[in-house]
Structures are given as structure tokens and as C-alpha cells.
Amino acid sequence: MWWSLDLNTKMEVISRNTVEVVTLEELRSKFEVGYKVKGYLGFEPSGLFHIGWLIWALKYRDLVNAGVEMYLLEATWHAWINDKLGGDMELIRTAAKHVVSVLKYIGVDIDRVRVVDAEELVSDREYWGILIKVAKSASLARVRRALTIMGRKIEEGEADFSKLIYPLMQVSDIFYLGLDIALGGLDQRKAHMLARDVAEKLGFKKPIAIHTPLLTSLQGTSRMDHKGELDEVLSDSKMSKSRPESAIFITDSDEAIRSKIMNAYCPLRQVDFNPILEIAKYIIFYEEPRDFIIERKAKYGGPLEITTYKELEELYVAGSLHPLDLKSAVAKYVVDMIRPIRDNVFREYGDMVSKITSHHQ
RNA sequence: CCCGCCGUAGCUCAGCGGUAGAGCGCCCGGCUGUAGUGUGGGGGCGCAGUUACCGGGUGGUCGGGGGUUCGAAUCCCCCCGGCGGGACCA
């Protein structure tokens, strides 16, 4: 268990499969000092759990297992600000609960997690005091720079003012809970950096930011042929709920999962922006070694058995593994992984699922 | 966190190894014109006062701290602050 982990093992467990830890040195010294390290992840209950979230969920599990005292913030008010689920707070709250359940099913020791609803934070006037302090210590331009995409539309007058409060709340959440670590997908970077910027000025702990990768959309990124237009290629590539066919949901049937994977973008021998390889890397091979069997007819080379992602990638780059065989294998493992979770979600949150599903239409 | 630019007078900035500057503002004075006012009108005088002009004056820890140098606003290092950019969005 965690108390038996030595420092180097902790550091390894926490930093694996992340895009970055800002900064590793700060994290190490926190552990060296030896006091109870507190971390959190805030998630916006915006709909059904999808496979992209699994990446931060697994990282969350790592942090819990590494002995970090983890908070899980149900960012219900934040979802409201971002007009998620039609602003239906009841539905948002239920959606939040189903995410907590999924975490439990993937093996997060939920008894050691402190689940907090944003409702609790905003009910405390101290929270709003912190928020005003944060607001006073950052210029309008600085806050605007920390905005999500949604918020950036303010410039065009397409968004309401509450979007500007959003990053202030994210920062206030961290300070209010007294956290050492802020975990999130790479898309949370701007808010985390704002928190780091103003923390010392206000006498709060400067949070260490841990960012997990974002999965490429199953549709991939077209326009790869434009040389040097990386930005253009990268745009529009995150796996997102707004386009159901681009993501695998925890509620998808075995057939739906297989079909989405088989139809996914998966260029021969190419690693970059290859959603199937990413799923293999960040989800199937999250923990290594792992037994991974690729069934193949003898005329295509026969079955393959590997244990690490590195082996898989090498085979693929070498052209020894055809996209179709890769997809079949990945689909099998994803289906096996999701099936039990899905069954539980339907059992506990069947009503919510149908509500949200109808909401999508 | 990374990259780039910036921080010099109240404001906008120039100067980028050799005496800290300009424009604007501000203060004092002058003058011309103008509206108001004392007192019914005019003149004079006074008060008050807008704009433009003229003259004079006021302007500074050159963001902070170290270093290099005979000499630093200027070059180097560290820090603080600001703006922009940074895989989703654009």
C-alpha cells in the first residue's frame, strides 16, 4: 500500500502517463517534507462519462494509491456557467454522481476520497472572499487569457459574463480546499497556471499542476498533408462529447464500441494523432506489463502476444501490424474494460442515462 | 511552467556604455479675445474665469537587488510587475 511506497516509486507512479508535472521538483520536495499532501480534480458534470475521461480517472487512482489525500470536486456550478445539460442543476448533480460511481468501478478507493459538491463551496462566504481576492490580484486581461474556449467567445459578444467568473472559481476552489496538487487534463492548464501566478501574492499554497493527455478524436485529424500547419492539424482533434461518433461512452454497447473503433481514423504505421494507439497507450497499457493478445489469421502472420506498449508501437511503426488487426485487438480490450462499468452505470443511473441521451438530441 | 516583448517625469514614450531627454500635463507670470459680475447704460477699475497663444518654472529611487566596468538607464545574472503566445478552442 501507499505507506510502503518509497519516494522514487511515488514520483514514478504519479508522473507516468502525464503530459507534464509543474513542477516535479516541487512535488518531490512536498513529499520529502513529509506532511500530508492534498490534491484534487474538479470535473464538470457535462454529460456521460467517455473514454477520454478514463485517462484522468486512472491518474486519479494513482494519486490516491500514492497516498495523496484526494478531493473530488463535482463542479456543478461550473457546469451551470458553461450551460451544460441545459442548465438543469438536478440533472447536473445526478451526472456528477455517476462519475463518482465510475471512478469507484475502475478501482478508485472511494472511501479515501473526499467528494465535494461545488454547492458546499459556494455556500461558504469565505469562498467568495477568496474569489474576490483572486479577482483583485489579476488583471482583466490576465483572467481573459485563462478562459476556456467557451469564455473566449466573450470577445465576440457571444457569451455571457458568467464565463469570466469561471476561471476565478477554479482558482478559488484550489485555494479554498488548501490543495498542494491540481490534477486535470491538459485543457485545465490555463486555470492552473493562473492559480500558480496569484498564489504567492495572496499567501496561498502554490499548487503543483499535473496534466494528463487528451485523447485524439476517433475521427482523427484530417488535413495532415499540410506541412508545417501543425496548429491546424491539431485543432478539432480532442475527443469530445458534442460529437458522439468521435468518442466512446461508458454507456455504449459492445457493438457500438466495436463499430466506433473499427470506423476510427488509424493511419498505417503512423503514431502521431492516432487515436487507436493512444487508447492502447493511455488506457490498455496504463499499467505495464500487461498481457495483450492480437489474434490474427496465419496468413497475416498469426497471433501476437506482447506485454508493453513500446512493443506494440514498434510493431506498428515497422508495418508488422495492420491497422485492422490493431483495431480488433484494441476493441476487444476496450469492450472488456467497459462492459462491467457500463452494467453498473445502467443499474444505478439508468434514468439519468436516458435523460441525458434524450438531451443530446 | 515555457517562449517573446515591455517597465525611464503625473501621462505617452525616446535614449541602449561617457552630464537623464521630448511632447503633453502641472505651477507662476504676461498678453489678446470672450462670457459673467458690481450699478440703469457707457467707460475705467476690480473680481471671477474659459480657450488659444507667449515667457518662465516644476518635474525622476531610469521596477528592485547583485555583478562587470575608470564609468551602467544602457552589458550580464537573479527577482518583482505588465502584455502577448503556448497540443482542446481560436
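Two strands pair if DSSP finds at least two bridges between them. The views below come from a predicted model.

**View 1. Strand 3 pairs with strand 4**. Strand 3 spans residues 69-74. The two strands run in the parallel sense over 4 bridges. Leu73 stands opposite Val116 in strand 4. Strands of a sheet pair through backbone hydrogen bonds.

**View 2. An open sheet is built from 6 strands**. The order is 1-6-5-2-3-4, and the pairing is mixed. Strand 1 (20-22) and strand 4 (114-117) are the edges, each pairing on one side only. From one strand to the next, the twist averages 20°.

**View 3. Helix 3 and helix 5 meet strands of the sheet**. Helix 3 lies across strand 2 (38-43), strand 3, strand 5 (181-185) and strand 6 (208-212). Its direction is at about 145° to strand 3. Helix 5 (residues 89-105) packs on the sheet and touches strand 2, strand 3 and strand 4. Helix 5 makes about 150° with the direction of strand 3.

**View 4. The second largest pocket holds about 200 Å³ of space**. Its lining counts 13 residues. Closest to the pocket centre are Leu58, Arg61, Ile106, Ile283 and Met337. Helix 3 (53-65), helix 14 (275-284) and helix 16 (323-360) each give two or more residues to the lining.

**View 5. Two domains contribute to the lining of the second largest pocket**. Domain 1 (2-212) and domain 2 (230-360) each supply at least three residues. By class, the lining has 10 nonpolar residues, 3 charged and no polar.

Key:
Residues numbered from 1 in each chain as written. Chains lettered and ligands numbered in written order. Predicted model: local features only at pLDDT ≥ 70, side-chain atom pairs only at ≥ 80, totals over all residues. Heavy atoms only, no water. 1 Å grid on protein atoms, 1.4 Å probe; cavity = no way out; pocket = protein on both sides within 12 Å on 5 of 7 lines; lining within 4 Å. Points joined across faces, edges and corners; volume = space filled by probe spheres on them. Nonpolar A, V, L, I, M, F, W, Y, C, P; charged D, E, K, R; others polar. Domains from an automatic or database assignment. Axes fitted to C-alpha atoms, helices over the stretch in contact; angles between N-to-C directions. Contact = heavy atoms within 4.5 Å.
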